[in-house]
Amino acid sequence: MSVRNFTDLPPLSLYIHIPWCLKKCPYCDFNSHENRHDVLPEQQYVDALLADLQQELPEIWGRQIVSIFIGGGTPSLFSASAIDSLLSGVRALTAASPTVEITMEANPGTFEQKKFRDFREAGINRLSIGVQSFNDQCLNALGRVHDSGEAERAFVMAREAGFDNINIDLMYGLPEQSLTMAHADLSTAINLQPEHISYYQLTLEPNTLFASQPPALPHDDIRWDMHTQGVQLLSEHGFKRYEVSAYARDNNTCQHNQNYWLYGDYVGIGAGAHGKLSMAATGEIVRRWKRKHPTQYLEHAHSEQRIGGQHTVTAEDTALDFLMNALRLTDGFTIPLFQLHTGMALHQWQTVINKAIDDGLLETKGVSLSTTEHGFDYLNELLERFIPDEAEHRYPVIPLLQSKD
Ligand SMILES: C[S@@+](CC[C@H](N)C(=O)[O-])C[C@H]1O[C@@H](n2cnc3c(N)ncnc32)[C@H](O)[C@@H]1O
Ligand code: SF4
């Protein structure tokens, strides 16, 4: 295979991970840790994040940041002044335009909601609220600490605090959830009129409490009906499905996640954060992740030891690495964008692509390539066709997203 050649580098985002939560949810496999400190080591962690970023700077000199995402864990546990000093530090170190999208994940809860106005003033301009359900029975089954009233109040308070770009995270296929209950949950979310809804099917992730003690979930057919009912309801209310689980009203897509899905670059700072950077000089694409445990990360943030691991994407793995992200988008991607963001020509995989088109899994529209509706139902099988020989044995497990919104 030929080597990479970047004529221009892809857009660059910044991901910031805050790893603490009030309580670990039984379904969650994110790098989140129950807060056992009375007081979070906020200032120490902000210093660690900025030291981490500073050490990444030589790899990104002269590049503009196009979006920032503060995910978790529960970033809204941090005080507004800690978020303010974090963002001030980021602005001092990097080139980010003042209008850049800055998302923060927030959990419903009185303690968090009181801080929304100050978060907005600190520069957060997009809030992603982890509602999950508006039904108390479902929230209880999910081990959430908030109730339905708090979830609705969180949204109202976010609006009152001046947020005009809000996402609601909802899940379906929950323990003891009926089709009617899923419909009611989604209707409540739609009636609040957020700009964006992320609608995920609950999955039982390995190494979670739900994996070892699985709750009774709705039958497969019911979960499928919840999905199709959801797609239809959201579409009827003006939410365009632009990714497997992401729906936006009036084009308010998440710029940050779109950059991931289009194989943009990103620096990841914080415990367990992942990054991906294209190197113009060497033609390499490097994936790097940071030490996962907050204590170890804090201990090593000021040195090379903060890096948990690193992996260079090989030429053979490129198509799979790119498509795992881009084929999740309903509009797919353009062929020139593939070349621009991978430094390689797509025609090297033309035989596999032609076969997938013949099988009705992919389709072309002008210079775009996208997954068909049928292809979305078989996304994993479609992607498997791009696994290079024996690659399963050397391809590391890389999360598609650090944060699902
Ligand atoms: C980083 S997580 C959590 C953000 C925030 N701390 C919260 O709990 O609301 C982002 C989203 O991923 C989704 N999610 C987490 N675990 C999931 C699972 N096992 N299956 C499906 N969606 C999941 C939830 O909707 C969650 O809001
Ligand atoms: S789902 Fe959210 S609140 Fe629950 S443990 Fe995971 S990150 Fe924390």
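The shell around ligand 1 in this predicted model consists of 5 nonpolar, 8 polar and 5 charged residues. Ala, Val, Leu, Ile, Met, Phe, Trp, Tyr, Cys and Pro are counted as nonpolar, Asp, Glu, Lys and Arg as charged, and the others, Gly among them, as polar. In total, 18 residues surround ligand 1, the closest being G73, Q132, R144, D169 and T203; a residue is taken as near a molecule if one of its heavy atoms lies within 4 Å of it.

Polar contacts (pairs of N or O atoms within 3.5 Å) to ligand 1 involve both side chains and backbone. A polar side-chain atom of D169 is 2.6 Å from an oxygen atom of the ligand, and an N or O atom in the side chain of R144 lies 2.8 Å from an oxygen atom of ligand 1. A nitrogen atom of ligand 1 is found 3.1 Å from a polar backbone atom of Y27. On its own, ligand 1 has 560 Å² of accessible area, of which the protein covers 96% (Shrake-Rupley method, 1.4 Å probe). Two or more residues of the shell come from each of β6 (126-132), β7 (166-172) and β8 (196-201).

Ligand 2 is surrounded by C21, K23, K24, C25, Y27, C28, S32, G73, T74, N107 and R144. By class, these comprise 4 nonpolar, 4 polar and 3 charged residues. Ligand 1 sits in the second largest pocket, and the space taken by ligand 2 is likewise the second largest pocket. A pocket is an open set of points on a 1 Å grid over the protein atoms alone, where a 1.4 Å probe fits, with protein on both sides within 12 Å along at least five of seven lines; a molecule sits in it if more than half of its atoms lie within 2 Å of its grid points.

G73 is joined to G72 by a cis peptide bond with omega of about 20°, and is placed in the loop between β4 (64-72) and α2 (80-93). Q193, in the loop between α7 (179-191) and β8, is a residue other than glycine with a positive phi, near 60°.

The protein chain has 16 helices and 17 strands, assigned as DSSP runs (H or I, at least four residues; E, at least two) and numbered from the N terminus. Its radius of gyration is 21 Å, which agrees with the value near 22 Å for a compact globule of 405 residues (C-alpha atoms; 2.2 Å times the number of residues to the power 0.38).

Residues are numbered from 1 along each chain as its sequence is written, and chains are lettered from A and ligands numbered from 1 in the order in which they are written. Local features need pLDDT of at least 70 and side-chain atom pairs pLDDT 80 or more, while totals for chains, interfaces and linings use all residues; side-chain values use heavy atoms, with hydrogens and water left out.

Technical notes: Polar contact = N/O pair within 3.5 Å; in protein donor to acceptor, adjacent residues only side chain to side chain. 1 Å grid on protein atoms, 1.4 Å probe; cavity = no way out; pocket = protein on both sides within 12 Å on 5 of 7 lines; lining within 4 Å.
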